Amino acid sequence: MTSPLPITIAILAGGQSSRMGTDKAFVQVLGRPLIEDILAQLTGLGRETLLITNRPEAYAYLGVPLFGDRR
């Protein structure tokens, strides 16, 4: 296995879901929330992975650093 790249991966999961009407990150794809699939695909690519969201309580179970979406 190769070493992670010297980068931070930031997943943007903020927004108001105004067009879709529901939080896309939690839409089920192949039996699990989309955000879980995204995290699984990105894990190990960078030195750290973090999530930017306006609903940190909904994402806390993922175990990654969370940062507030100021907008």
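What share of the 71 residues in the chain is made up of buried residues? In this predicted model, buried residues account for 24% of the chain. The surface that the chain exposes comes to about 5300 Å², and carbon and sulfur atoms supply 56% of that area. Measured out along its principal axes, the C-alpha trace spans about 40 × 30 × 20 Å.

The chain contains two helices and five strands, which follow one another along the sequence in the pattern β-β-β-α-β-α-β. Among the contacts in the chain with a separation of 6 or more, 61% are made by residues that stand 24 or more positions apart.

One aromatic pair is present in the structure, and its partners are Phe-26 and Tyr-59. A pair of aromatic rings is described by the distance of the centres and the angle of the planes. For Phe-26 and Tyr-59 the centres lie 4.8 Å apart and the planes make an angle of 40 degrees, an arrangement that is classed as tilted. The pair links distant parts of the chain, since Phe-26 belongs to the loop between β1 (5-12) and β2 (28-29), whereas Tyr-59 belongs to helix α2 (residues 56-59), 33 residues apart. The two partners also differ in their exposure: Phe-26 counts as partly exposed because its relative accessibility is 24%, while Tyr-59 counts as buried because its relative accessibility is 0%.

With regard to charge, the chain carries 7 positive and 6 negative side chains, and the centres of these two sets are 7 Å apart.

Conventions: Residues numbered from 1 in each chain as written. Predicted model: local features only at pLDDT ≥ 70, side-chain atom pairs only at ≥ 80, totals over all residues. Heavy atoms only, no water. Phe/Tyr/Trp six-rings, centres within 6.5 Å; stacked < 30°, edge-to-face > 60°. Helix = DSSP H or I, 4+ residues; strand = E, 2+ residues; numbered from the N terminus. Buried < 20%, exposed > 50% of the residue type's maximum accessible area, 1.4 Å probe, protein only. Contact = heavy atoms within 4.5 Å. Areas by Shrake-Rupley, 256 points an atom, 1.4 Å probe, with all protein chains shown as cover. Lys, Arg positive; Asp, Glu negative; His and termini not counted. Charge placed at Lys NZ, Arg CZ, Asp CG, Glu CD.
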